[in-house]
Amino acid sequence: MLSRRLFARCLSSRRVFSTLNPVTDSDVTHFTRILSPSSVLSTLSPVSTPHDELDIYNTDWMGKYRGKSTTVLKPKTTEEVSEIVKWCHDKRIPIVPQGGNTGLVGGSVPLKDEVILSLANMSNVRSFDPVSGILVADAGCILQSLTDYVAPYDHIMPLDLGAKGSCQIGGNVSTNAGGLRLLRYGSLHGSVLGLEVVLPNGTILDQLTSLRKDNTGYDLKQLFIGAEGTLGVITGVSILTAPAPQASNNVILALPTFDNVVPLFKTVKRQLSEILSAFEFIDRTAYNLAVKHGQGRALSDEDVEGAECFILVETSGGRREHDEEKLADLLEHLLEADKPLINTGVLAQNPAQFSSLWALREGVTEAVSKEGKAYKYDISVPAATFKQVVDTTRDHLRSKGLLNEDAVKHVLGYGHVGDGNLHLNIVAKAYTPEIQAALEPFVYEIVASHRGSVSAEHGIGAMKTHALPYSKTEVSIALMRKIKELFDPRGIMNPGKVLE
Ligand code: FAD
Ligand code: MLT
Ligand code: ZN
């Protein structure tokens with residue numbers, strides 16, 4: 001029997017789609033006229049792409065969300081995007097903008113049979129100014145390719161994440177992705193300088209400025225940062241890159257108890273000050289899974305003995321000797337304290353070890369997905385409560401009889417301590433209604449009790465539309481609805497995402 005909540009969600013999804021139309025053969029014929037043949041994939045006539053070729057576009061990274069789109073369009077220019085959107089607007093055909101499809105909240109795939117508008121063919125750098133560091137690029141540029149592009153000019157992208165090899169800058173902006181460098185470079189709300197966006201009626205909004213300062217009224221671009229494709233299609237991004245650090249080091253610290261994490265963060269911030277660039281948390285279960293699935297460099301048995309959790313510290317600075325001295329002083333101070341906060345620290349000795357330590361942290365996501373089906377909660381709560389949140393969730397699942405090899409195999413935590421962002425992951429044998437019902441609203445109520453956020457960095461997508469009231473007031477949600485209505489009165493842009 002459908003629960004009342006699920007029933008309400010089905011109703012609201014039906015309402016969102018009630019005024020929208022599916023793609024027809026005549027729409028596909030039109031798309032073949034305005035786009036090149038390789039830009040139109042459709043199971044409909046006159047194209048007739050085999051169904052399975054559309055699977056990768058219809059299925060999300062976790063294999064948790066699946067749409068039934070018949071048609072994927074891959075425009076090459078902003079004008080082509082505009083033509084597509086104009087047509088869909090007139091015909092009331094819903095659209096899902098899709099970047100690298102690495103999103104973790106079901107936002108990048110259709111709920112039903114929406115057209116998928118992939119930005120994959122828009123991957124040119126438009127300009128780069130090595131003096132100001134301002135990069136202007138098509139939205140479909142892959143994050144790693146932009147990192148590679150600016151590297152010879154001694155610059156780095158202001159964001160980095162485990163999905164860098166597949167995610168696109170337009171997707172990063174649309175989700176307001178956080179990632180591993182937020183502690184140092186801040187959020188995309190600060191580093192994005194301008195955007196080019198195709199609005200839901202096909203109009204091109206050119207706000208692609210390259211100005212550091214521009215106080216000319218409302219800053220419209222901010223609305224599209226984190227809008228998850230519900231207000232328009234981002235086609236171009238102007239972003240401030242950062243000068244590449246001349247020296248980077250990292251060290252993994254093994255802690256005897258989670259209680260030491262916050263005191264350690266305070267000590268590390270004080271001692272490393274301006275060279276601290278990351279402070280990442282991995283609990284013991286997350287570490288064990290990363291090692292089990294071959295991610296990165298495992299520490300020796302002796303190093304991990306008695307460790308309840310691990311912290312990866314990265315430094316980025318201007319002078320190698322200075323930074324290494326500071327890091328060595330920190331380690332000495334930590335190890336020689338009367339009551340040491342750490343059991344041990346393993347310092348990367350060369351670039352390969354540096355990458356390998358990072359791979360251990362970045363690889364947790366991949367390891368979790370190899371281990372089973374992940375329920376992923378990406379929450380903002382005070383750093384001091386990370387372990388309590390993980391333990392309480394585990395105890396709750398145990399009390400429901402769900403903590404065993406046939407249901408939930410692991411409950412684990414990792415994330416960005418410096419940003420107060422915990423990734424609470426529940427790894428199950430399969431996605432089931434019982435586990436879902438045990439986790440929600442349980443997890444969201446914990447978040448609300450801390451006045452936290454139900455989405456720290458991954459977004460709302462399809463997964464959390466019902467959970468928005470745990471983090472946003474009625475007044476805020478009502479204003480969000482008005483903004484959606486203003487930009488997209490026909491409701492064609494990524495329907496059913498962010499707002500129910
Ligand atoms: P997609 O997944 O394709 O889309 C995401 C959302 O943005 C969808 O709602 C989509 O409709 C919309 N969208 C995409 N492109 C556009 C566009 N051009 N215009 C309008 N809307 C658009 N996230 C973090 O925040 N921090 C992390 O550290 C992090 N690490 C990750 C590690 C791994 C291994 C994986 C698989 C994911 C990780 N993520 C992380 C989540 C994900 O990678 C980010 O959300 C990323 O920014 C999504 O980019 P994408 O191009 O794949 O977008
Ligand atoms: C991370 O920090 O590793 C990412 O946000 C991905 C995840 O939550 O698994
Ligand atoms: Zn993260």
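Which residues form one aromatic cluster with F128? The answer is Y149 and Y153, which together with F128 make up that one cluster, and I would like to come back to aromatic contacts after a few words about the protein as a whole. Please keep in mind throughout that what you have in front of you is a predicted model.

Let me begin with the overall form. The C-alpha trace spans about 75 × 60 × 45 Å along its principal axes, and the secondary structure comes to 19 helices and 18 strands. For a chain of 500 residues, a compact globule would be expected to have a radius of gyration near 23 Å, and since the protein has 23 Å, the value agrees with that expectation.

Turning to the interior and the surface, 54% of the 500 residues are buried, while the area that the protein exposes is about 21600 Å², with 52% of it supplied by carbon and sulfur atoms. If we take the contacts between residues at least 6 apart in sequence, 73% of them join residues that are at least 24 apart. As for charge, there are 50 positive and 57 negative side chains, and the centres of these two sets lie 7 Å apart.

Now, back to the aromatic residues. With ring centres required to lie within 6.5 Å, the count comes to eleven aromatic pairs, and I have picked out two of them.

One is the pair of F258 and F281, which is edge-to-face, with 5.5 Å from centre to centre and 75 degrees between the planes. F258 sits in the loop between β12 (247-255) and α10 (261-272), whereas F281 belongs to strand β13 (residues 276-283), so this pair ties together parts that are 23 residues apart in sequence. F258 has a relative accessible area of 5% and is therefore buried, and F281, at 2% relative accessibility, counts as buried too, the cut-off for that class being under 20%.

The other is the pair of Y375 and Y431, whose ring centres are 5.3 Å apart and whose planes stand at 85 degrees, so that this pair is likewise edge-to-face. Here distant parts of the chain are linked, because Y375 lies in strand β16 (residues 373-380) and Y431 in the loop between β18 (421-428) and α17 (433-439), 56 residues apart. What are the accessibilities of these two tyrosines? Y375 is buried, at 1% relative accessibility, whereas Y431, at 25%, counts as partly exposed.

Terms used
Residues are numbered from 1 along each chain as its sequence is written. Chains are lettered from A and ligands numbered from 1 in the order in which they are written. This is a predicted model: local features need pLDDT of at least 70, side-chain atom pairs count only at pLDDT 80 or more; totals for chains, interfaces and linings use all residues. Side-chain values use heavy atoms; hydrogens and water are left out. Helices (H or I, at least four residues) and strands (E, at least two) are DSSP runs, numbered from the N terminus. The radius of gyration is taken over C-alpha atoms; the globule rule is 2.2 Å times the number of residues to the power 0.38. Buried means under 20% relative accessible area, exposed over 50%, partly exposed in between (1.4 Å probe, protein chains only). Contact means heavy atoms within 4.5 Å. Accessible areas come from the Shrake-Rupley method with a 1.4 Å probe; for residues, only the protein chains shown count as cover. Lys and Arg count as positive and Asp and Glu as negative; His and the chain ends are not counted. The place of a charge is taken as NZ of Lys, CZ of Arg, CG of Asp or CD of Glu. Rings of Phe, Tyr and Trp (its six-membered ring) pair if their centres lie within 6.5 Å; planes under 30 degrees apart count as stacked, over 60 as edge-to-face and the rest as tilted.
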